Amino acid sequence: MDEHTLRKTLSDIPLGGLRTFSQAGSTNDMALAWAADGAPNLSLVYAEEQTSGRGRGSHRWITPPGTALAFSLVLRPFPGEAQSVPLFSGLGALAVCEALGMRRLHPEIKWPNDVLLNRRKVCGILAEAVWLGDKVDSVVLGIGLNVKPEAVPPSEQLYFPATCVEAEMGKEVDRLGLLKDILQALLYWRSLLTKDVFSHAWEKHLAFCGEQVEIRTDDTPSRTGIVEGLERDGSLRLRSPGGQVFTVQFGEVHLRPVL
Ligand code: BTN
């Protein structure tokens, strides 16, 4: 994908800036460095290949050249968004769902922010907040979407089954068109981030609703429960086997279906 075509395709998206790379370590790392150096709101770092991409926790996210979308946005929270920063990763997931839905696919969100197609992970999102004292200065929202089969890691490296957009659609996909649709959806839903309609749209895509899942965090014992829905602040609402309703907040949380 050449830079000229990328710039032209994205010309009607009000990006704060654009940096493209044929190869990068991690677009999140580059966006974090750019944010520290004053990147304006909605600056985009895009890479055709990532050699040391990062996932949540200690996971790696490798992007072979020309097979996927790997990009990071620098978002500067507006005053009204200050309390809604935890929702930014849901925003990314919802934008990806919308773009995939436009292609007649039926994406679901494995809370908090993995996007699934046919119960297989197609997209991962890594949102990293940069704090200045007690104020969030920026959020770097990194999105990795498997488009071609070569983007899907070998199964022995996976902690959850994975797929790619082309396998699910059974045909070649225009990656640039997909990127543009994701960015447009992200702009639209960001303007509604603090409204009920946003959490409702996110909830509509929630995977495993009415099903039993296991919730695991790094420092507390795992819990099981039936997924009931989302709270307005983006936390997940479940019902325990004993019938009690409990919620789980963002953080290093991993959710798995109980088979
Ligand atoms: C996960 O599923 O654990 C999150 C994966 C996030 C991967 C994307 S690819 C673009 C951006 N740059 C990174 O280093 N990571 C994110």
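Where is the place of P112? P112 sits in the loop between β4 and β5. Helices (H or I, at least four residues) and strands (E, at least two) are DSSP runs, numbered from the N terminus.

## Basis of the model

This is a predicted model, in which local features need pLDDT of at least 70 and side-chain atom pairs count only at pLDDT 80 or more, while totals for chains, interfaces and linings use all residues. Residues are numbered from 1 along each chain as its sequence is written, and side-chain values use heavy atoms, with hydrogens and water left out.

## The sheet

Seven strands form an open sheet with mixed pairing. Their order is β1-β2-β3-β7-β6-β5-β4. Two strands pair if DSSP finds at least two bridges between them. β1 (17-21) and β4 (108-110) stand at the edges. Each has a single partner strand, so one side of each lacks a neighbour in the sheet. From one strand to the next, the twist averages 20°. For that angle, axes are lines fitted to C-alpha atoms (for helices over the stretch in contact), and angles run from 0 to 180 degrees between N-to-C directions.

## Strand β3

β3 (68-75) has antiparallel links to two strands. Strand β2 (residues 43-47) joins it through five bridges, and β7 (135-146) through eight bridges. On the β2 pairing, V45 has S72 of β3 as its bridge partner. On the β7 pairing, L69 stands opposite L145.

In a regular strand the side chains alternate between the two faces of the sheet. Both faces of β3 are covered. A68, A70, S72 and V74 are buried on one side. L69, F71, L73 and L75 are buried on the other. That makes eight of eight residues buried in β3. Buried means under 20% relative accessible area, exposed over 50%, and partly exposed in between (1.4 Å probe, protein chains only).

## The ligand site

The ligand has 20 residues around it. S26, Q50, R54, R56 and K121 come nearest. A residue is near a molecule or strand if one of its heavy atoms lies within 4 Å of it. By class, this shell holds six nonpolar, 10 polar and four charged residues. Here Ala, Val, Leu, Ile, Met, Phe, Trp, Tyr, Cys and Pro count as nonpolar, Asp, Glu, Lys and Arg as charged, and the others, Gly among them, as polar. α2 (27-36), β3, β6 (120-132) and β7 each supply at least two shell residues. β6 gives the largest share, four residues.

Which residues make polar contacts with nitrogen atoms of the ligand? One is T27, through a polar side-chain atom at 3.0 Å. N28 uses a backbone N or O atom at 3.4 Å. R54 places a polar backbone atom 2.7 Å from a ligand nitrogen. The protein covers 100% of the 410 Å² of accessible area that the ligand has on its own. Accessible areas come from the Shrake-Rupley method with a 1.4 Å probe; for residues, only the protein chains shown count as cover. A polar contact is a pair of N or O atoms within 3.5 Å; within protein, one must be able to donate a hydrogen and the other to accept it, and residues adjacent in sequence count only if both atoms are side-chain atoms.

## The β4 to β6 stretch

β4 and strand β5 (residues 114-117) pair in the antiparallel sense over three bridges. K110 stands opposite D114 in β5. In the loop between these strands lies P112. A cis peptide bond joins W111 and P112, with omega about 5°.

N118 follows in the loop between β5 and β6. N118 is not a glycine, yet has a positive phi of about 50°. Its relative accessibility is 59%, so N118 counts as exposed.

## Other residues to inspect

F208 also has a positive phi, about 65°, although it is not a glycine. F208 lies in the loop between α6 (196-204) and β8 (212-217). With a relative accessible area of 2%, F208 is buried.

T67 lies in the loop between β2 and β3. T67 is buried, at 5% relative accessible area. A polar atom of the T67 side chain is 2.8 Å from the backbone oxygen of P64.

K135 belongs to strand β7. At 52% relative accessibility, K135 counts as exposed. K135 and P77 are 58 residues apart along the chain, and 9.7 Å separates their C-alpha atoms.
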